[in-house]
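Subject: Structure handover and findings

Dear colleague,

Please find below the structure that I am passing on to you, followed by an account of what was found in it. I would be grateful if you would read the two side by side.

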Amino acid sequence: MQHNFIANQACLSHSRQTLAVLDPSDGQVFDELQRSTPQDIDDAVQAARACFEGPWSRLSAVDRSRLLMKLSQSVAAHADELAALEQRDCGKPTKQARADAMALARYFEFYAGACDKLHGETLPYLNGYSVLTWREPHGVTGHIVPWNYPMQIFGRCVGGALAAGNVCVVKPAEDACLSLLRVAQLAAEAGFPAGAINIVTGYGHEVGEALARHPGIDHISFTGSPKIGTLIQQVAAERHCPVTLELGGKSPQIIFADADLDAAIPVVINAIVQNSGQTCSAGSRVLIEQSIYEPLLHRLGQAFKALRAGPAAADLDLGPLIRATQLSRVQDFLSQAQRDGIAVVAQGEIAAGAPSGGFYQAPVLLRDVPVQHRLAQEEVFGPVLSAMAFDHEDHAVELANATAFGLVSGIWTRDGGRQFRMARRVRSGQVFINNYGAGGGVELPFGGVKSSGHGREKGFEALYGFTTLKTVAVRHD
Ligand code: NAD
């Protein structure tokens, strides 16, 4: 049985109740989590506050840097163990689980290096004054983490928050806690003081909301659905608590006729197949210039047919989806496509012998999806790619921007002028030209516009969000 992790101690929840942990590859229960209560959140916030005002405040930036580097090294040394935990918990193919563990180590390494480079400025002002700014931590930060990339998202939000001098209370998703509970133990072993990193498991509506409402939380970072993101922002607004929201996307891959298609095709496929499409930055729409629409769809279709979903440990192209409700959500989208006459170009397979209790969805390529259709507007969060044709550059921009989201865009063209025109005109937080995702890019600021959220995580930029600026004016004549 798993425990909460508060003040460097494994704790039972006040409820004395547990939640079942399922293996998405076979649907079987294999562990239990604490079903925590608001009182557990309160314990964690109090532990975090005591740490922030006590041992944590006595650490210099260099001390924090060394602790984060030790944690990075420990995560790298335990990468196989962490990957195995997340693989079983979330159904990730081995390659993906291992990449996620190494990304976590890299986040801590990057933020270890950043701790002692975050500084304020001196400002020119009236004669007789000296004015400077300090970047101060918020204090106790709350992190509500989703189930799709627990380790990576923990690394980006907790790594940045700690580097900037905050302490953390984390509420992982109820489907994806095991790797994070282990990382918190590794942090304690690496020397993080009690209360610096606290983890409380349980349902979102029970403990996630209690975390967002808690008056002792000074900043909230949330990654998940737009619906819950809106709720978090409303709750936080009642006490003017700053919030960073990352709410997913409907990201376009825009392919012009002059693109290097041999380079584009595997990247476009990977961008929707990775993690079975359960990726906030999934390239879930492919916009193709009319003159190459049919031949490119044919090539993409051939590639889709070769894709196989199966048990995580089999390390195929795709693992299962996270849970039964996610599978039925994806299947609902596909049934609607069928009812509305949207044609399937091709689909992959579920591997023979995949356990019948697992949550498998073969990848599907759809064509001529109308721009206002749900499939072109909403996050499916499954391996479903919607193709549509465009006539010219303006039309491509119109389609690319025709959703409520704006997280990432991919642009494929050899025309240098068009690369920059398109990059300026698409509305998204990141733009990739002749590549997509840049292999993760811990260093690259990430976040959205419009309903994709606000604030930036990753890179150095995240540290500005995890701090508040104090201006100090000294009059000395
Ligand atoms: P969700 O938004 O419900 O869950 C994300 C996190 O929020 C989890 O930790 C959850 O426990 C917590 N949460 C849930 N209700 C809460 C509440 N009332 N108060 C505070 N915290 C709460 O997402 P989901 O239901 O797991 O997935 C639904 C859809 O959301 C997916 O199909 C996908 O489209 C989207 N999603 C996006 C991302 C992303 O990375 N942007 C991640 C997960 C899900």
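Which residue in strand 17 is the bridge partner of glutamine 347? Before the answer, please note that this is a predicted model. The partner is valine 364, and this pair belongs to the antiparallel pairing of strand 15 with strand 17, which extends over four bridges.

**The seven-stranded sheet**

These two strands are part of an open sheet of seven strands with mixed pairing, in the order 15-17-18-13-12-19-20. At its edges stand strand 15 (343-347) and strand 20 (430-433); each has a single partner strand, so one side of each is left without a neighbour in the sheet. From one strand to the next, the twist averages 20°.

While strand 17 runs antiparallel to strand 15, the pairing of strand 17 (residues 364-367) with strand 18 (residues 384-390) is parallel and involves three bridges. Within that pairing, leucine 366 has serine 386 of strand 18 as its bridge partner.

Two helices that pack on this sheet deserve mention. Helix 10 (residues 293-305) touches strand 12 (252-255), strand 13 (285-289), strand 15, strand 17 and strand 18, and its direction makes about 160° with that of strand 17. Helix 14 (residues 416-425) touches strand 12, strand 19 (408-412) and strand 20, with an angle of about 165° between its direction and that of strand 20.

**Strand 10 and its partners**

How many of the five residues of strand 10 (residues 219-223) are buried? Five of the five are, so the strand is largely enclosed by the rest of the structure. In a regular strand, side chains alternate between the two faces of the sheet. In strand 10 both faces are covered: His219, Ser221 and Thr223 are buried on one side, and Ile220 and Phe222 are buried on the other.

Strand 10 has parallel pairings with two strands. Strand 7 (residues 140-144) is joined to strand 10 by four bridges, and here isoleucine 144 has phenylalanine 222 as its bridge partner. Strand 11 (residues 243-246) also pairs with strand 10 over four bridges, with glutamate 246 standing opposite threonine 223. Helix 8 (residues 226-237) joins strand 10 and strand 11 in a right-handed β-α-β unit.

**The three-stranded sheet**

A further open sheet consists of three strands in the order 5-6-22, with antiparallel pairing. Strand 5 and strand 22 (467-475) are its edge strands; each has a single partner strand, so one side of each is left without a neighbour in the sheet. Strand 6 (residues 129-137) and strand 22 run antiparallel and are joined by nine bridges, where tyrosine 129 stands opposite arginine 475.

**Two individual residues**

Is histidine 119 buried or exposed? Its relative accessible area is 59%, and a residue counts as exposed over 50%, so histidine 119 is exposed. Histidine 119 is placed in the loop between helix 4 (94-114) and strand 5 (122-123). From histidine 119 to alanine 79 there are 40 residues in sequence and 33 Å in space, C-alpha to C-alpha.

Alanine 187, in helix 6 (residues 178-190), has a relative accessibility of 1%; the limit for a buried residue is under 20%, so alanine 187 counts as buried. Beyond its neighbours within four places in sequence, alanine 187 is in contact with Leu71, Phe192 and Ile197. The C-alpha atoms of alanine 187 and lysine 70 are 8.5 Å apart in space, with the two positions 117 residues apart in sequence terms.

**The protein as a whole**

The protein contains 15 helices and 22 strands. Its radius of gyration is 23 Å, close to the 23 Å given by the globule rule for 477 residues, so the protein is as compact as a globular protein of that length. Taken along the principal axes, its C-alpha atoms fill a box of roughly 70 × 60 × 40 Å.

Of the 477 residues, 56% count as buried. Among contacts with a separation of 6 or more, 74% come from residues 24 or more positions apart. The exposed surface of the protein is about 18,600 Å², of which carbon and sulfur atoms supply 51%.

With kind regards

Key. Residues numbered from 1 in each chain as written. Predicted model: local features only at pLDDT ≥ 70, side-chain atom pairs only at ≥ 80, totals over all residues. Heavy atoms only, no water. Buried < 20%, exposed > 50% of the residue type's maximum accessible area, 1.4 Å probe, protein only. Pairing = 2+ DSSP bridges. Right-handed = clockwise from strand over helix to strand, strands pointing away. Contact = heavy atoms within 4.5 Å. Rg over C-alpha atoms; globule rule 2.2 N^0.38 Å. Areas by Shrake-Rupley, 256 points an atom, 1.4 Å probe, with all protein chains shown as cover. Axes fitted to C-alpha atoms, helices over the stretch in contact; angles between N-to-C directions.
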